Amino acid sequence: MSSPNDSEIFNPSPEVLEQANVPEYEAMYDYSITNREGFWADQAETLSWFKKWDTVLDESNAPFYKWFDGGSINIVQNAIDRHLGNANRNKMAIIWEGENGQVRNYSYNGLNREVCQFANTLKSMGVNKGDIVTIYMPQIPELIFAMLACAKIGAIHSVVYGGFSTEALASRIDDAQSRVLITADGGWRRGRQIDLKSIANEAMKRTPSIEVCICVKNNELDVEMEPARDFWLHDLKALPIASSKCETEQTSAEDPLFILYTSGTTGKPKGMLHTHGGYAVYTSTTHRMAFDIKPQDRWWCAADPGWITGHSYIVYGPLINGATIMLYEGAPNYPYPNRWWQIVEKYGINILYTSPTAIRGLMRFGDRWPQKHDLSSLRLLGSVGEPINPEAWRWYHQVIGNNKCPIIDTWWQTETGGFMVCPLPITPLKPGSATKPFFGNEISIVDDDGSEVPAGEEGKLIIKNPWPGMARTIFKDDQRYADLYWSKRDNIWCYLAGDSAKKDEDGYIWVIGRMDEVLKVSGYRLGTAEIESALVSHPQVNEAAAIGLPHELKGNAIHTYVILKQGQTGSLELELELKEHVSKELGKIATPEAVAFVDSLPKTRSGKIMRRVLKARALGQDEGDLSTLEE
């Protein structure tokens, strides 16, 4: 990220100030800090509850906090059910466009019908409250239906991004011990059909826990279906079991809603567990306030529901708030670099929320592609996934937003469930800064000793309070959750974000990047351990290390270092083979930019690879303290 330029400030227009749902920040922020429980109780009151909570926040077993304990709620009760009795019933809930030009629309009433049918189908397959269902699908409406159907009956969904390959899917199924897998025959990307069912079939060979596989026909692929295990969704929906009426299960506020796996620095990915009550309150509040949601808004979060951004801000937050959601399956620049701008114009999109990687990718095609389209419907823009560099921020603001759309630059994580640092539309903006904490959150930048660093100095970003949207634990590993994310400082439990950041004289936060060994590539988090394991699984590789290096479009690109087995020799052919091998194991998102063949790797005396040394060498920087380096 570029150095902060405090003199460059973009102030909101009079029109934005006049129309804002939240007209003032400081006084409400102060109230949310001094009366945190009162603030969140106020927000919870905007939702529908089967039974109101006994306590807003239970801190008795910190850092395993409970929110709205004693309350009974279901997130689907708020995302669908409560809209059926008001003006939203016939309002458009989802507009979907496929890369090949297909279009499907669903009102809230239509969405309810689809979700009820899917929920009854799951129940007929023996799915009960508390069961974990793995979902591996392209970006199609059925992915949203499947998630909501699980939540409706009290089952727990575990969505695996449709770009991941066999090993990543298998490891996540195995950890969750899912009995049911929901997938599709295939998806579309850049005019090509992606055979997801074959990947799922291979994963199921490695994971004997799967007894039922429900497959959506999205393409016309000829896929292998195993009798008595694999079922087409359209066939099941045609049976009497798939009634369009299904009662929503009453779940407690702390009942699990979903598990979402995020890459760890070592070992297997971490299954972050989120719950119905606090997550519903937090995602709907952050979405409504930060993006100033109006009843008529058409909202487009151009992420994938397979990531936390999609969970919180494609599916749950917008539906709870009664928004109209745009969903697109396909690449931003296929068949031409104007595809997104064509969609904005065609559907009258009011808010676009995307990643700096996508912005940089479209920016390189120049201004003429977006200028061919009427983008005047856009009211707000958003950024997510990584710090946005000021140059991309300015292009996004000037060319896409016509200098009138505030950019809501959001910092948050899979673990946080929703925005932690972000502006409101009324906030004066500094390109590259996520600005100030969202309500209820106290953010500090500290040194290794836990002391706050002076303004302008880099340190570790910590959160000094619990919040409703927080993950409750790592699935099946409470101790790892406590050790990895929480530390007591001055008798206060603080959340360790793992990111480095600075805070300027105005209190604006500038997030710099990850401090651990998780790489952010195109906004997606990939663990070095997963990439290295994939390389070592190749028969010619003995050892491997992976690092992230700055990349103009991706933010970071994966660079790997490989020690071959004795007698093997590096070559261009082997480099290409290893890249393809990683792609097959983890998905194309994990494909290394480069594979270097080396004789040794810098290690500590205990055998830990010093990746920061590799990165410093690659960038021609000072290698820092080498006192622990093995001789």
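**Group meeting: backbone exceptions, cysteines, a helix and a cavity**

Gln-177 has a relative accessibility of 48% and therefore counts as partly exposed, where buried means under 20% relative accessible area, exposed over 50% and partly exposed in between, with a 1.4 Å probe and protein chains only. The model under discussion is predicted: local features need pLDDT of at least 70, side-chain atom pairs count only at pLDDT 80 or more, and totals for chains, interfaces and linings use all residues. Residues are numbered from 1 along each chain as its sequence is written, and side-chain values use heavy atoms, with hydrogens and water left out.

I begin with the backbone. Most residues other than glycine have a negative phi, and most peptide bonds are trans. Gln-177, although not a glycine, has a positive phi of about 55 degrees. This residue sits in the loop between α7 (166–176) and β8 (180–184); helices (H or I, at least four residues) and strands (E, at least two) are DSSP runs numbered from the N terminus. Thr-435, also not a glycine, has a positive phi of about 70 degrees, and at 0% relative accessibility Thr-435 is buried.

Two cis peptide bonds deserve mention. One runs from Ala-62 to Pro-63, with omega near 10 degrees, and Pro-63 lies in the loop between β1 (55–58) and β2 (66–69). Another joins Tyr-334 and Pro-335, with omega about 0 degrees.

Next, the cysteines. How many disulfides does the structure hold? There are zero, a disulfide being a pair of cysteine sulfur atoms within 2.5 Å. For Cys-215, the nearest cysteine sulfur is that of Cys-213, 5.8 Å away. The sulfur of Cys-246 is 5.4 Å from the closest cysteine sulfur, in Cys-116, which is too far for a bond. Cys-246 is buried, at 12% relative accessibility.

I turn to helix α16, residues 478–485, whose buried residues are Tyr-481, Ala-482 and Tyr-485. Because they cover an arc of only 100 degrees around the axis, they are on the same side of α16; the arc is that of the directions from the helix axis to the C-beta atoms. Gln-479 and Asp-483, on the other side of α16, are exposed.

Finally, the interior. The largest cavity has a lining that includes Val-159, Phe-164, Arg-172 and Trp-307. By class, this lining has seven nonpolar, one polar and one charged residues; Ala, Val, Leu, Ile, Met, Phe, Trp, Tyr, Cys and Pro count as nonpolar, Asp, Glu, Lys and Arg as charged, and the others, Gly among them, as polar. A cavity is a set of points on a 1 Å grid over the protein atoms alone where a 1.4 Å probe fits but cannot get out, and lining residues have an atom within 4 Å of a point.

How values were computed: On a 1 Å grid over the protein atoms alone, a cavity is a set of points where a 1.4 Å probe fits but cannot get out, and a pocket is an open set with protein on both sides within 12 Å along at least five of seven lines; lining residues have an atom within 4 Å of a point.
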